[in-house]
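Open the model in your viewer and keep the selection panel handy. We will go from one stop to the next, and at each one you will hear what to select and what is there.

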Amino acid sequence: MFQVVTLFATLSIAAAFTSTGRVATRQTLKMSSVFPENPTDLVGDLAPTGYFDPLGLSVGKDAATLKQWREAEIKHGRVCMLASVGLLTQELLKNPIGIDGPAIKHLDLLDDKFPEFGELFILLCAFIEGWSIVNKWEPRSETRNLKRAARLRADVEAGDLGWDPLGWYPSDPTEQAIIKTKELQNGRLAMLGVAGIVAQELIDGKEILCHFQKVCA
């Protein structure tokens, strides 16, 4: 079973890092997929599934709503990419403060050794979200009379925090679409992977790596 999971994970990673020449155009997707062509301006659809929405959740939704959903998807994907690295690293390496066992229980054990961690972490998350709301979302003064919740501003791209200290984000629109699709695919894979890790460790109480090569008591 775990060999099958590993195989699918490998294939997903390979798809996420598809080269420029293999990124399917919308016309190719339309011809090779049983799913409809992407009706939005958002990237992320790849052959052979193309625009994958079998439940029709996007039907009837306007562009602003779909952009907010994409914003949420990107954020969850980024959190899970970090979480997947953190969960596995905690179990691979010797913890410097003596915390061991399944990674999903480390935060509970950390509370005894560093009780302020939870509050500091929440403050960090609140700072990032607050900055995003102030700088990327419509101000309340513009939406008060519209009787609706604020949305991402029309000139803001979903997931764009304006943070690229290494200058890796390309200027070419085609390359930008490729980078965005890679991030989405890796984020989606990470969300599935973290969900699997958490579920497995909750079920049997063992480190996830005990099911692979790590020798556990």
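Start by selecting Leu87 and whatever surrounds it. Leaving aside neighbours within four places in sequence, Leu87 is in contact (heavy atoms within 4.5 Å) with Ala103, Ile104, Val194 and Ile197. Before going on, please note that this is a predicted model, in which local features need pLDDT of at least 70, side-chain atom pairs count only at pLDDT 80 or more, and totals for chains, interfaces and linings use all residues. Residues are numbered from 1 along each chain as its sequence is written, and side-chain values use heavy atoms, with hydrogens and water left out.

Now widen the selection to Cys80, Leu87, Ala103, Ala190, Val194, Ile197, Ile208 and Leu209, the eight residues of the largest nonpolar core. Such a core is a set of buried Ala, Val, Leu, Ile, Met, Phe, Trp, Tyr and Cys residues joined through side-chain atoms within 4.5 Å. Buried means under 20% relative accessible area, exposed over 50%, and partly exposed in between, with a 1.4 Å probe and protein chains only. Colour α3 (63-92) and α7 (173-204), since each supplies at least two residues of this core. The largest share, three residues, comes from α7. In soluble globular proteins, nonpolar side chains tend to be buried together.

Zoom out for a moment. How many helices and strands does the protein have? There are seven helices and zero strands, counted as DSSP runs numbered from the N terminus (helices H or I, at least four residues; strands E, at least two). Of the 217 residues, 25% count as buried. Among contacts with a separation of 6 or more, 55% join residues 24 or more positions apart.

Next, select helix α5 (residues 117-136), where you will find Ile122. Is Ile122 buried or exposed? Ile122 counts as exposed because its relative accessibility is 58%. Add Phe121, Leu124, Phe127, Ile128, Trp131, Leu161 and Trp163 to see the nonpolar surface patch that they make with Ile122, about 910 Å². Patches are made of residues with over 30% relative accessible area and no salt bridge (a side-chain nitrogen of Lys or Arg within 4 Å of a carboxyl oxygen of Asp or Glu); like charges are joined within 9 Å, nonpolar side chains (Val, Leu, Ile, Met, Phe, Trp, Tyr) within 5 Å. The areas come from the Shrake-Rupley method with a 1.4 Å probe, and for residues only the protein chains shown count as cover.

Keep Phe121 and add Phe117. These two form a stacked aromatic pair, 6.0 Å centre to centre with 15 degrees between the planes. Rings of Phe, Tyr and Trp (its six-membered ring) pair if their centres lie within 6.5 Å; planes under 30 degrees apart count as stacked, over 60 as edge-to-face and the rest as tilted. Phe117 and Phe121 are separated by about one helical turn because they are four residues apart in α5. Add Phe114 as well: ring pairs link Phe114, Phe117 and Phe121 into a cluster.

For the last stop, go to the loop between α6 and α7 and pick Lys147. Lys147 has a positive phi of about 55 degrees although it is not a glycine. At 79% relative accessibility, Lys147 counts as exposed. In the loop between α6 (140-143) and α7 you can also select Ala150, which counts as partly exposed at 28% relative accessibility. Not counting residues up to four places away in sequence, Ala150 touches Gln68, Trp137, Glu138 and Thr143.
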